[in-house]
Amino acid sequence: MPVRMWPQSLFGRLLAASVAAVLLAQAMALVLIAQERERFVLQGSVREWTRRIADTTQMLAPLSATQRVAALARQSESPPAMHPPHMGHLPAAADPPPGHAHARGFLRLPLPSDFDNTLHEQLRAALGPGYGIEIGPTPEPAPPAVTLAPPFYEAHELALHPGSAQRYDVTVRFPDGDAVTYRVGRMPGGAPLPRNLFFNLTLLVLLLVIVLYLAARNITRPLSELAHAADSVGRDTRAVPPLAERGARELRDAARAFNTMQDRLHRYLDSRTRVLAAMSHDLKTPLTRLRLQVEALDNPAMQARIGRELDEMESMVREALALFRGLDDGEPASALDVDALLAQIREEFSDMGATVTITGHALRPLTAKPQALKRCLTNLIANAVNFGTRADIHIEDGADLVIRVRDRGPGIPEEELERVFEPFYRLESSRNRDSGGTGLGLSIARDIAQAHGGSLLLANLPGGGLEATLRLPRRR
């Protein structure tokens, strides 16, 4: 069974989309914060290095090449507390002071940095056009250079992560052609972010997910109740209580509209029941009088012919009343053994000399109206026996219970496969009349299938014959 990454329910989709939007927004906010901190740290570091390089360069500019070397040598012997430039490489970092232990609570996002160009632009502005400036990564092996101590913020990071600094050589060429190389080091990987920022964002996401869960459930639960009630109305109109009108305004309006519809449906069914009772009495009484008068005739041939007409009229009245009665039959649904029901129907047809076979079986009982479902199956099997010489029943069970009734008759023209479900429609009037059909059997069978939330379809078999497919969903 394929795994669906995207939820299929409305609740799942609302929650997933909301959580994805929150995570995306938090990720973008985190990137923007990191970019702003990177810009701030970069500008601060570059300004500090620009100031030191410019001060040292302007101090060395009036001196000759020999004096410059001597001046740099004297400064390398100055106390380290003054953070002077000195010859050599970056010193190994010592353990950080106890007061700086909180610096370990930083993380970095890998963001691109324009360190080279930024430092070059600021040095050009500080020194003027008379000086040549070249900036590039420190080569290996590293040549002698004036190593500049990192700014205060970078010094903390370098002390915590010795050996991880990115080193750059800044070569400044004096107007007289002489040059001096400065070496700077900075932490790679973008601006540092405090760990508690990630903790706070995670906590915020969790709180938002909880709120979104409650909001999505508040929206979708009334819709689920509405869908369940609508499905139940199709099964039993009397067993569905009114929906609670709660939730958002649109949900309250939908529940109110459903309750109004259900109330109107109940009034319509009650009115139709009274009309059907009156029709049953008014139609059957004249037919009974006619039959009594026919039996008094002395002409046997006329008596037989009129008797057949009366039998057909009574059958049509009976089937029409059953069709109009529809879903309002009052029969409750219960757990039904479909295998036993089909076996009973097969036995009844076998007693009449018909051939009915059954293959497959239902895995478990089906919740259905026993008499209504029996009538549906009886109509389908009767059609197969009358017009296709026999009925072959195939049962498939799974998410839906599928019952296929096949015959070996001539089939039905493709353009007529749907029309035969229309009430009183006869594909061949003479054949239906001879078999006692009224054109209501398939219409009643489809109404019963739809009342159970299922479907009934007809299809011609490739080798000849007709297949009626009854699909009944199992309640989940």
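**Entry 1. H1 against H3**

I looked up which residues bring H1 and H3 together in this predicted model. From H1, the contact takes in Leu42, Gln43, Val46, Arg47, Trp49, Thr50, Ile53, Ala54, Thr57 and Gln58. H3 answers with Phe115, Thr118, Leu119, Gln122, Leu123, Ala126 and Leu127. By class, I recorded 10 nonpolar, six polar and one charged residues in this contact.

I then turned to the geometry of the pair. The axes of H1 and H3, the latter spanning residues 115-127, come within 9 Å and cross at roughly 40 degrees. H1 is therefore oblique to H3. I noted the crossing of H1 and H3 as right-handed.

**Entry 2. Phenylalanine 11**

I next examined phenylalanine 11, which is placed in helix H1, residues 10-60. Is phenylalanine 11 buried or exposed? Its relative accessible area is 14%, so I entered phenylalanine 11 as buried, the cut-off for that class being under 20%.

I asked what phenylalanine 11 is in contact with, leaving aside neighbours within four places in sequence. The contacts are Tyr213, Ala216, Arg217 and Thr220. I also took the C-alpha separation of phenylalanine 11 and arginine 221, which is 8.3 Å; the two residues stand 210 residues apart along the chain.

**Entry 3. H8 against H9**

I looked up a second helix pair, H8 (residues 338-351) and H9 (residues 370-388). Their axes come within 11 Å and cross at roughly 40 degrees. H8 and H9 are therefore oblique to each other, and their crossing is right-handed.

On the H8 side, I listed Leu341, Leu342, Gln344, Ile345, Glu348 and Phe349 as making the contact. On the H9 side, the contact is made by Leu373, Lys374, Leu377, Thr378, Ile381, Ala382 and Val385. The class tally for H8 with H9 is nine nonpolar, two polar and two charged residues.

**Entry 4. Lysine 374**

I followed one of the H9 contact residues, Lys374. Lysine 374 is found in helix H9. Why does lysine 374 count as buried? Its relative accessibility is 18%, and the class requires under 20%, so lysine 374 counts as buried. Not counting residues up to four places away in sequence, I found that lysine 374 touches Leu341, Gln344, Ile345 and Glu348. These four residues are also listed among the H8 residues that make the contact with H9.

**Entry 5. Two backbone features in loops**

I checked threonine 389, in the loop between H9 and strand S11 (390-397). Threonine 389 has a positive phi of about 70 degrees although it is not a glycine. With a relative accessibility of 59%, threonine 389 counts as exposed.

I also checked the peptide bond that joins glutamate 140 and proline 141. I recorded this bond as cis, with omega about -5 degrees. Proline 141 has its place in the loop between strand S3 (132-137) and strand S4 (146-147).

**Entry 6. The protein as a whole**

I closed with values for the protein overall. How many helices and strands does the secondary structure come to? I entered 11 helices and 14 strands. The protein has 476 residues, of which 36% count as buried. About 27100 Å² is exposed by the protein, and carbon and sulfur atoms supply 60% of that area. Among contacts with a separation of 6 or more, I noted that 71% are accounted for by residues 24 or more positions apart.

Technical notes
Residues numbered from 1 in each chain as written. Predicted model: local features only at pLDDT ≥ 70, side-chain atom pairs only at ≥ 80, totals over all residues. Heavy atoms only, no water. Axes fitted to C-alpha atoms, helices over the stretch in contact; angles between N-to-C directions. Parallel < 35°, antiparallel > 145°, perpendicular 65-115°, else oblique. Left-handed = near helix turned anticlockwise from the far one by under 90°. Contact = heavy atoms within 4.5 Å. Nonpolar A, V, L, I, M, F, W, Y, C, P; charged D, E, K, R; others polar. Buried < 20%, exposed > 50% of the residue type's maximum accessible area, 1.4 Å probe, protein only. Areas by Shrake-Rupley, 256 points an atom, 1.4 Å probe, with all protein chains shown as cover.
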